[in-house]
Amino acid sequence: MHLFYGIGKYVMLMKRVFARPQKRVIFRHQLFTEIQNLGIDSLGIVVFISLFMGAVVAIQTAYNIDSPLIPLSMVGFTARQSVILEFSPTVISLILAGKVGSSIASQIGTMRVTEQIDALEIMGVNSANHLIFPKVVASILINPVLIVVSMWMGILGGWLAGVFTGLVSTHDYVTGIRLDFQAYTIFYAIAKTIVFAFIISTVSGFFGYETEGGALEVGQASTKAVVYSSILIILFNLVLTQLLLT
Amino acid sequence: MIEAKNLNKYFGDNHVLIDVSHRFEKGKTNLVIGQSGSGKTVFMKLLVGLLEVDSGEVLYDGKDFTKMNFEHRKAIRQEIGMLFQGSALFDSLNVEQNVMFPLNMFTQRTLEDKLERVNFVLKRVNLENVNPLMPSELSGGMRKRVAIARAIAMNPQYLFCDEPNSGLDPQTSGVIDILIQEITLEYQITTIVNTHDMNSVLSIGDNVAFIYKGRLWWKGNKNEILQTNNKELNDFVFGTELTSRLKK
């Protein structure tokens, strides 16, 4: 019952979020600010994690190739497939759920408990639309860019690890990453990323917006935002994989 | 003028506001007083529509606010200024951007016009050269004054102040009280102040309503409050050593 009540409140909030912005100039300014805050500022951690993620995938694959019948180009192939299909869209989205989701929930939650949202409402501003909509649009626009960067970095990390450990040559690795490439996998990864970006921004916005109380409750809202976003990402990952890859 | 008619509000089984009716006069500082938990903040939130009434009417110059849809309420709300207990300045905006926010949102004025208005209202609340400061760089009294400046930036017809003196020293409280009263008279607006500060009651209380256990218990003005025999009101107003001496 509690679950249905929560879903109902989420849907009601989304009805207010997805309205036409009251002032386009202000919306555009907020959108660019959010692209900076939610996207560009996350670039460092995305690059760092992706490089190491690709490196680990390449090393593990190389160590697990026992048979001389399996060519070493499989290291590049496996790194590419793992990074594009799963690691970049899903793992990076989970990382962003932690970083961006908690930031959204705590920012909006703090505005709620310090009456800043009430101040917006009193002025006649649709506060849900004003605060959450730019974050949703910014996430949907910038997260695919981050994921594409992550893919590049993951594959680069795999190559660096392979070459510097001497497990695989550049020639074999490049042959592997070019082997049987299907552009559809990029579409699949981007489609997943867009859905995950929507989940992260709306779920975190919801928990922040519904915060009641003080600093303790803001912290709890932030934690809930990360937990529920992560759970939904995992669930939708399965659903989307089933829908798009089978 | 704002009129509340038979307002009732429940939170679950808890009947927090019971049949409250009161008229708030234009051009006067209307005070709502009461102990913490008496229902005065709920009363104010019902008046501005931050909470929905369970029964009763809130009339803004005769128009029932409780039955309006979002668009009609928006029109009324653009005539409302509100000063919150914690000032509620937007943390991410500086003083100038905070005061300019409603002007940006609801007017088509040029930047020069908006800046002129911002500087005018900031000067009106005795603040100058603070435009680039962030809210975190301001004292409590300055925050309240910036919040008042933001509240009056759009020339409101109605001004609501929720505990405007909370967290301020007596001297700064007095400055804020006088400012609220001057603005009320100057612009002939309907001002409603929620307070439990007796200095405010005795200095600016043109029209005072005492809420006790969710009911409107007493109404009068700052002079009548000193002579009333209402036990609950006397217990509340003259409950401290200082005010009991004043009564004697």
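**Sheet of chain B, helices of chain A and their contact**

In the predicted model, chain B contains an open sheet of six strands in the order S6-S7-S8-S3-S9-S10, and the pairing within this sheet is mixed. The edge positions are taken by strand S6 (80-83) and strand S10 (215-220) of chain B; each has a single partner strand, so one side of each is left without a neighbour in the sheet. On average, and with direction ignored, neighbouring strands of the sheet are turned by 20° against each other.

At the S6 edge, S6(B) pairs with strand S7 (residues 158-162) of chain B in the parallel sense, over four bridges. Within this pair, Gly81(B) has Leu159(B) of S7(B) as its bridge partner. Helix H5 (residues 140-152) of chain B packs on the sheet and touches S6 and S7 of chain B. The direction of this helix makes about 170° with that of S6(B).

Chain A has nine helices and zero strands, so that its elements, read from the N terminus on, run α-α-α-α-α-α-α-α-α. The C-alpha trace of chain A spans about 70 × 40 × 30 Å along its principal axes. Chain A has 246 residues, of which 45% count as buried. Among the contacts in chain A with a separation of 6 or more, 88% are accounted for by residues 24 or more positions apart.

Helix H2 (residues 24-39) of chain A comprises 16 residues. From its first C-alpha to its last, H2(A) reaches 21 Å, close to the 22 Å expected at 1.5 Å a residue. The buried residues in H2(A) include Glu34(A), Leu38(A) and Gly39(A). Viewed down the axis of H2(A), its buried residues fall within an arc of 85°, and they therefore line one face of the helix. Exposed residues on the other side of H2(A) are Val25(A), Arg28(A), Phe32(A) and Gln36(A). The cover over the buried residues of H2(A) includes H4 and H6 of chain A.

Helix H7 (residues 170-178) of chain A buries Asp172(A), Tyr173(A), Gly176(A) and Ile177(A). These buried residues fall within an arc of 125° when seen down the axis of H7(A), so they line one face of the helix. The face of H7(A) turned away from the buried side carries Thr170(A), His171(A) and Arg178(A), which are exposed. Helix H4 (73-113) and helix H6 (127-165) of chain A are included in what covers the buried residues of H7(A). H4 and H6 of chain A are likewise part of the cover over the buried residues of H2(A). After H7(A) comes Asp180(A), with a positive phi near 50°.

The contact between the chains takes 13 residues from chain A and 14 residues from chain B. On the side of chain A that touches chain B, helix H5 (residues 116-123) of chain A gives the most, with six residues. By residue class, this side of chain A divides into five nonpolar, four polar and four charged residues.

Technical notes
Residues numbered from 1 in each chain as written. Chains lettered and ligands numbered in written order. Predicted model: local features only at pLDDT ≥ 70, side-chain atom pairs only at ≥ 80, totals over all residues. Helix = DSSP H or I, 4+ residues; strand = E, 2+ residues; numbered from the N terminus. Buried ≥ 20, exposed ≤ 12 C-beta atoms within 10 Å, placed from the backbone. Contact = placed C-beta atoms within 7 Å. Nonpolar A, V, L, I, M, F, W, Y, C, P; charged D, E, K, R; others polar. Arc of directions from axis to C-beta. Expected span 1.5 Å × (residues − 1). Pairing = 2+ DSSP bridges. Axes fitted to C-alpha atoms, helices over the stretch in contact; angles between N-to-C directions.
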